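Biologist: I have just opened this one and don't know my way around it. Can you take me through it bit by bit?
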Amino acid sequence: MPTDLPPADPTEPRHLRVAIVGAGFSGMATAVALLDEGRDDFVIFERADSVGGTWRDNSYPGCRCDVPSHLYSFSFAPNPEWPETYSPAGEIHAYQRRVAEERGLLAHIRFGHEVLGADWDPDARRWRLETSTPAGTAAWTADVVVGAFGLLAEPATPDIPGIDTFAGKLMHSARWDHGHDLTGERVAVIGTGASAIQFVPAIQPTVGRLTVFQRTAPWVLPHRNRRITSAERALYRRFPVVQRFNRTLIYLSRELVAAGMIRNRGVTDGAKKLGLKHIRDSIADPELRRKVTPDFEPFCKRILLSDDWYTALDQPNVDLVTDGIVEIRPHSVVTATGQEIEVDTIVLGTGFHVTDSPMMDRFRNAEGHSIAEVFRKTRIGAYQGTLIPTFPNLFMIPGPNTGIGHTSLLVMIEAQVGWTLRVLRALEQRGAAAVEVREDVHEQWCDLMDAKTRPTVWASGCSSWYLDADGRNSTLWPGLTIEFLARLRRVDLSKLRLTR
């Protein structure tokens, strides 16, 4: 196809067939699929200076993936050189950069371009976008937009009185300042989620005093990471089918675990026993054991993996505080019991805006309503995890209810990309200019997600980032990914509204 790619610093509006927002795994997978079909009339808008998304932004000490490397990679780009069974963030980011270069994506990426707004023009049947650029702002139009800005892209800052008055160093784990030396400092860590259990053990030996503020004790299981031997890597290089077979076994084993996990049976009991044993084996102090023992069922919140989280908490220079924080002062943190703890640095391990991403305010339909406004009037959801009602030609990858608690998100992403391209082919074959999901289909889809969630462990009573402001699971796919893949293998045009 002919293409007219704009220069790096465009000064006038340009038209694209497809605009992709974000150069993480989702944006990259979409771009590769388009190129494989011979389509090069697209651009990826990326606000940062590199591909990578989550794995570019999260570079804190100790950061690594909790999904096996062979599965947490593109099916079309296996990596026989993974050094460990669970890869560090730096290795994953290097893999992403290599794939982007080898698959010719860099020529299509506009770095330093953040999408500031996107409006659907019903008369022209296209999207009108405004982006920042290194030289200012630029206007674009696009027939189709793929929202690939990710679930874990916008760090969440807790609403604690006085946090903006803190005079020391304040940073979020996803915006780690590697130029700031923590040696000998009094450090406060707020949050005990997936990031904190990795960076706390990494910084504990060097800080002077470490105070960890815990609201809810997570379930933490031993991490089974190991080095991949040179012989294994040589085998994968020489016989790629062996690595593909290994990937398939990992995938199927995690589906088997999920079958028990989702229904809150069997696997949940086993995880509880293993988690309690991990606490007993790692911590001698009975009071600390009590503090770190969860009061909810495993898998209701995300299961975390670590071999050194509990042992780090048990060190002489670490305090675990379970009292709530009522105030932050210029040089201290004040708890609900009135204790004032002086600190030099505060590290936020407080997660991300998942169901309330700021990007949801930047996309507006023909009536001028943002995605966030539409979701406030109806339930958060997207048909096939991808299409949102009243937003034609906007494909969310990943979208609501496509998060995963037991396997690789890339499994879901590749399924969504395949479905999206099948929809686009159907549009072209029928001479249609736009597609959107019908409102009644959206309601049926949300009914389905609610019904599938009801008997699962995620509805067992705990509060988690899986749940939105209405208490609904609008984040995770409430079933096996095998079912999701089957649903997205075909396009049912009767569920969609096409505009010719």
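Biologist: Where does helix α4 sit, and how many of its residues are buried?
Modeller: This is a predicted model, and in it seven of the eight residues of α4, which spans 196–203, are buried, so the helix is largely enclosed by the rest of the structure.
Biologist: Which residues of α4 are the buried ones?
Modeller: They are Ala196, Ile197, Gln198, Phe199, Val200, Pro201 and Ile203.
Biologist: And what do the buried residues of α4 pack against?
Modeller: Four strands and a helix are listed by name: β8 (186–190), β9 (209–213), β11 and β16 (345–348), together with α9 (309–313).
Biologist: What about Gly191, where is that?
Modeller: Gly191 is in the loop that links β8 and α4. Its relative accessibility is 15%, so Gly191 counts as buried, the cut-off being under 20%.
Biologist: Which residues does Gly191 touch, sequence neighbours aside?
Modeller: Leaving out residues within four places in sequence, Gly191 is in contact with Ala196, Val212, Phe213 and Gly349. Ala196 is also one of the buried residues of α4.
Biologist: How far is Gly191 from Pro158?
Modeller: Their C-alpha atoms are 9.8 Å apart, while along the chain Gly191 and Pro158 are separated by 33 residues.
Biologist: Change of topic. How many disulfides are there?
Modeller: One, from a search of the whole structure. The disulfide is between Cys300 and Cys462, with an S to S distance of 1.9 Å. The angle about the S-S bond is -105°, and the link is left-handed.
Biologist: Which parts of the chain does the pair Cys300 and Cys462 tie together?
Modeller: Cys300 is in the loop between α8 (286–292) and β11 (304–305), and Cys462 is in the loop between α12 (439–453) and α13 (481–487), so the pair ties together parts that are 162 residues apart in sequence.
Biologist: Is Cys300 buried or exposed? Same question for Cys462.
Modeller: Cys300 counts as buried, at 0% relative accessibility. Cys462 counts as buried too, at 11%.
Biologist: What about Cys63, how far away is the nearest cysteine sulfur?
Modeller: Cys63 is in no disulfide, and the nearest cysteine sulfur, belonging to Cys65, is 8.7 Å away.
Biologist: Why is there no bond from Cys65 to Cys63?
Modeller: The closest cysteine sulfur to that of Cys65 is the one in Cys63, and 8.7 Å is too far for a bond. The cut-off used for a disulfide is within 2.5 Å.
Biologist: Buried or exposed, then, for Cys63 and Cys65?
Modeller: Cys63 is buried, with a relative accessible area of 9%. Cys65 is buried as well, with 4%.
Biologist: Any odd backbone spots? I'd start with Phe299: what is its phi?
Modeller: Phi of Phe299 is near 80°, which is a positive value in a residue other than glycine. Phe299 lies in the loop between α8 and β11, the loop that also holds Cys300. With a relative accessibility of 11%, Phe299 counts as buried.
Biologist: And Gln384, what is phi there?
Modeller: Phi of Gln384 is near 55°, again positive and again in a residue other than glycine. Gln384 is in the loop between α10 (371–377) and β18. Gln384 is buried, with a relative accessible area of 4%.
Biologist: Which way round is the peptide bond from Ile397 to Pro398, cis or trans?
Modeller: The bond is cis, with omega near -10°. Pro398 is in the loop between β18 (394–396) and α11 (409–429).
Biologist: Now the insides. How many cavities are there of 30 Å³ or more?
Modeller: Two. The largest cavity holds about 160 Å³ of space. Its lining has 16 residues, and those nearest its centre are Leu151, Val354, Met360, Gly399 and Pro400.
Biologist: Last topic, sheets. What is the strand order in the open sheet of three strands?
Modeller: The order is β13-β14-β15, and the pairing is antiparallel. β13 (325–329) and β15 (340–342) are the edge strands, each pairing on one side only. On average, neighbouring strands of this sheet are turned by 20° against each other, direction ignored.
Biologist: How many bridges join β13 to β14?
Modeller: Four, and β14 covers residues 332–335. In β14, Thr335 is the bridge partner of Ile325.

How values were computed
Residues numbered from 1 in each chain as written. Predicted model: local features only at pLDDT ≥ 70, side-chain atom pairs only at ≥ 80, totals over all residues. Heavy atoms only, no water. Pairing = 2+ DSSP bridges. Helix = DSSP H or I, 4+ residues; strand = E, 2+ residues; numbered from the N terminus. Axes fitted to C-alpha atoms, helices over the stretch in contact; angles between N-to-C directions. Buried < 20%, exposed > 50% of the residue type's maximum accessible area, 1.4 Å probe, protein only. Contact = heavy atoms within 4.5 Å. 1 Å grid on protein atoms, 1.4 Å probe; cavity = no way out; pocket = protein on both sides within 12 Å on 5 of 7 lines; lining within 4 Å. Points joined across faces, edges and corners; volume = space filled by probe spheres on them.
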